[in-house]
There are 2 protein chains.
Amino acid sequence: MRIGELATKTGVSVRALRYYEEQQLLVSERSESGQRHYGENAVDRVQLIQQLYAAGISSAAILEMLPCVVTGVASPQVLATLRGHRSSVIKQIEDLQDTLRQLDSVLAGAVKSHESGVPCPPA
Amino acid sequence: MRIGELATKTGVSVRALRYYEEQQLLVSERSESGQRHYGENAVDRVQLIQQLYAAGISSAAILEMLPCVVTGVASPQVLATLRGHRSSVIKQIEDLQDTLRQLDSVLAGAVKSHESGVPCPPA
DNA sequence: TAGAAACCTGACATTGACGTCAGAGGTAGC
DNA sequence: GCTACCTCTGACGTCAATGTCAGGTTTCTA
């Protein structure tokens, strides 16, 4: 498939896909005229990249770990990197859970106060 | 306390604290000569701001919700905003948990393959 | 009462993951 | 073959949360 189709299938912009290739996170075959062509597995690859981005992992780090994630094989060095990111992801989750509790306590109080007719003070 | 002390207490840079004030997220009293002075509660405030930042909430959104978070009182409109962010935080947590599973499965496979002596292929 | 250290404002620089635009060539349906 | 749409490269723009530097004032310490 060409880049537009991959973009719509993954929900990622064409620009972003070119950027991924620029960062060597995504590979394409080129037609004679230079147009990018992708196999079906590119969809999974792009979604994987998105997932890692969402975990706050930089493109450089993704580049480092990607072949290992794909093949399931890693050197001890990359293994350490992966474990580092694992801890970081866990910490992010914990932080977000804290934030969630914070928001919930605010919401609980706010709903009550709203019921009692007290408005929100301006900033 | 002055800005430097607040910075060391919170682990946030002086520059960042000035930025928070610029964004009206943080208030200071000024001495005659113009230096910022903070009360003890500023520490909690800064940590709260950091927590909201970590949840991916923008400074504008924080500004909107901050008085309500602090006072525990919110208008219906702000309430809706808060609920929106709550959903977003939950989704972030779920996404990160997905990523964690992904990383774990990679780690499991990688450790095994490492035991079997297969190296990580280069990018 | 020096001199160092902390603070001030203002402004430009940075980083990462894209958005957007220009100008040109490729592709597909009729 | 026309037309509309897709794609290409290259380059500059963006946005948010800072970093950093300059040039000057204030505060602390010896």
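This is a short talk on how the protein chains meet the two DNA strands in this structure.

Okay, hi everyone. One thing up front: this is a predicted model, so please hear every distance that way.

Let's start with DNA strand C. There are 20 residues around strand C, and the closest are S13(A), S33(A), G4(B), R18(B) and R36(B). So you can see that both chains turn up in that list. And what part of the strand is being touched? Of the atoms of DNA strand C that come within 4 Å of the protein, 75% are sugar and phosphate.

Now some individual contacts. If you zoom in on Y19(A), a polar side-chain atom there sits 3.1 Å from a phosphate oxygen of strand C. Right next in the numbering, Y20(A) has a side-chain N or O atom 3.0 Å from a phosphate oxygen of strand C. Then there's R15(A), and here the partner is a base oxygen of strand C, 3.1 Å from an N or O atom in the arginine side chain.

Which elements give two or more residues to this surface? They are α2, residues 14–22, of chain A, plus α1 (3–10) and α2 (14–22) of chain B. The biggest contributor is α2(A), which puts in four residues. As for character, the surface near strand C has seven charged residues, eight polar and five nonpolar.

Okay, over to DNA strand D. Around strand D there are 20 residues, with G4(A), R36(A), S13(B), Y19(B) and Y53(B) coming nearest. For the strand D atoms within 4 Å of the protein, sugar or phosphate makes up 75%, and bases make up the rest.

The contacts I'd pull up on screen for strand D are these. G4(A) uses its backbone: an N or O atom there is 2.7 Å from a phosphate oxygen of strand D. With R36(A) it's the side chain, where an N or O atom lies 2.8 Å from a phosphate oxygen of strand D. And from the other chain, S33(B) brings a polar side-chain atom to 3.0 Å from a phosphate oxygen of strand D.

On the elements here, two or more residues each come from α1 (3–10) and α2 of chain A, and from α2 of chain B. This time α2(B) has the largest share of the surface, with four residues. The class breakdown near strand D is five nonpolar, eight polar and seven charged.

To wrap up, the picture to keep is α2(A) giving the most near strand C, and α2(B) giving the most near strand D. That's it from me, happy to rotate the model for anyone.

Terms used: Residues numbered from 1 in each chain as written. Chains lettered and ligands numbered in written order. Predicted model: local features only at pLDDT ≥ 70, side-chain atom pairs only at ≥ 80, totals over all residues. Heavy atoms only, no water. Near = heavy atom within 4 Å. Polar contact = N/O pair within 3.5 Å; in protein donor to acceptor, adjacent residues only side chain to side chain. Nonpolar A, V, L, I, M, F, W, Y, C, P; charged D, E, K, R; others polar.
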